[in-house]
Amino acid sequence: MDQRIRRRMRSFLRQIHLVLGLSAGLVLMIMGATGALMSFEEEIMAAASRDRLMVAPQGEKLAPDALIARLRGARPGATIVSLEIANAPDRATKVRLREAKGEDGGRADLYVDPYDGRILGPARGADFFAAVRRLHRWLLLPANGEGPGRQITAIAAILLLILGASGLYLRWPARPVHWAPWFRLDLGRPGRMRLFSLHAKIATFLLPVYLVSVFTGLWWSWDWYRDGASWLLTGRAVERAAPRPPGAMRREGPVPPSAVDPAWTAFLAASGGAYESALLTIPQGRGSVRIRSLPPAARHPGARDVWRFDPAHSRIEVVRHADRTLGEAMAASMLEVHRGRFFGLAGSILSMISAASMPLFFVTGHLLYLGRRRAARRPTRAEPRAGSRVEPITAPERSA
């Protein structure tokens, strides 16, 4: 490539990198900081809520239908969305309710005693992490996911790809055979070299993690993107429930005879009780019951087997996570891929570090920009005073 064209290309990409960093950098910093906070939110809330998470065994646990009946009596008007039943006898059952519309769609997660149905309360920190999640996903803007916030964060994620590609090109070594200086951190050197190491070299190390975060984060941004990604991973688009007819309202009144107890009995018989936890989605009418069970020693929280119980034929079918292809496992556990948990504890830690580094890049990028501005305004030679003799510039000084 001609040197002049290369210089123009570098100048153009430098301006693109600068403009995007100064404009989208703030949104990316917010998304990164909140993503880092949510990396281990379940573990943090469990540690803070141990008195609500642990219960004293008192014989046999209540059957799901009996537990649901007690919850409806304690929370009249609330819809029971799901039960997450732990296999351990000393663990509480986690219940998801849907009540009046609120900040998080009226959703509430509570721990209940599985032996007597007594409500123990929500996990401590749940409201804090719910606010952090809304800030991460749509910047706390009105209408939540239906407003402009989701589009802003999606566009910012795409701009992160452009920032990464342009930054990689700008620092690509002139002689690719000498890679050691390209990866060596210069944190002991003062000034711009240290800022450059913090900004460019650490970003280069973390670029693969950011690629995973961006391509998985867009899964929740647009339906067309999710359909395309699902087709690439599994060979088929995402299955969606049929839309409710306009004007159709949720039917009020008594719920038809529940199939939850028969489904739970069939699940226990078919699985042999080999599960760590089981998430039951409560049907709001007639239909199949879905149970997502986490096998013992599962690699990540999304590695769940999916059981479907057909009450009309008293038949249960299972799709085991271990039988899925890699693409199907990723599509079924996209949140865990996005958070790094799909790749084990090391992936979770690396994902948290990459997210927490976003504020670092925002700050160091601004400092590098301000330093360049100051250097551009600084005169290269002292202005000659009136009447003084101006010495000619020698060749070595020109070359310097």
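Which side chains meet in a salt bridge at 3.3 Å, N to O? In this predicted model, the two partners are R341 and E42. R341 lies in the loop between helix 12 (334-339) and helix 13, while E42 belongs to helix 2 (residues 41-48), so the pair ties together parts that are 299 residues apart in sequence. The two partners can also be described by their accessibility: R341 is buried, with a relative accessible area of 7%, whereas E42 is partly exposed, with a relative accessible area of 35%.

The count of salt bridges in the model comes to 13, and a second one can be followed in the same way. The side chains of E84 and R304 meet at 3.1 Å, N to O, and this pair again links distant parts of the chain, with E84 in strand 1 (residues 79-86) and R304 in the loop between strand 6 (289-294) and strand 7 (305-310), 220 residues apart. E84 counts as partly exposed because its relative accessibility is 21%, and the buried class requires a value under 20%. R304, at 9% relative accessibility, counts as buried.

A further salt bridge joins the side chains of R118 and D113, at 3.4 Å from N to O. Here R118 counts as partly exposed, at 46% relative accessibility, and D113 counts as buried, at 1%. Returning to the opening pair, salt bridges that share partners join E42, E43, R339 and R341 into one network. Side chains of opposite charge can pair when their charged atoms come close.

The aromatic residues give another view of the fold. The count of aromatic pairs comes to nine. One of them is formed by Y210 and F361, whose ring centres are 6.2 Å apart and whose planes stand at 75 degrees; since planes over 60 degrees apart count as edge-to-face, the pair falls in that class. Y210 lies in helix 8 (residues 192-217) and F361 in helix 14 (residues 358-377), so the contact between the rings ties together parts that are 151 residues apart in sequence. Both Y210 and F361 are buried.

The rings of F342 and F343 have their centres 5.5 Å apart and their planes at 80 degrees, so this pair is edge-to-face as well. The two residues fall into separate accessibility classes, for F342 counts as buried at 4% relative accessibility, while F343 counts as partly exposed at 48%. F342 has a charged partner too: R299 lies over the face of its ring, at 5.0 Å from the ring centre. Elsewhere, W264, F267, Y275 and W307 form one aromatic cluster.

Helix 14, which holds F361, can be examined as an element in its own right. At 1.5 Å a residue, its 20 residues should span 28 Å, and the end C-alpha atoms are 29 Å apart, which agrees with that expectation. The buried residues of helix 14 are M358, F361, F362, T364, L368 and G371. An α-helix has 3.6 residues a turn, so residues three or four places apart point the same way. What do the buried residues of helix 14 pack against? Their partners are helix 1 (3-37), helix 6 (148-170), helix 8 and helix 13 (345-356). Helix 8 is also where Y210 lies, the residue whose ring pairs with that of F361.

Terms used. Residues numbered from 1 in each chain as written. Predicted model: local features only at pLDDT ≥ 70, side-chain atom pairs only at ≥ 80, totals over all residues. Heavy atoms only, no water. Phe/Tyr/Trp six-rings, centres within 6.5 Å; stacked < 30°, edge-to-face > 60°. Helix = DSSP H or I, 4+ residues; strand = E, 2+ residues; numbered from the N terminus. Buried < 20%, exposed > 50% of the residue type's maximum accessible area, 1.4 Å probe, protein only. Lys NZ or Arg CZ within 6 Å of the ring centre and 35° of its normal. Expected span 1.5 Å × (residues − 1). Contact = heavy atoms within 4.5 Å. Salt bridge = Lys/Arg side-chain N within 4 Å of Asp/Glu carboxyl O.
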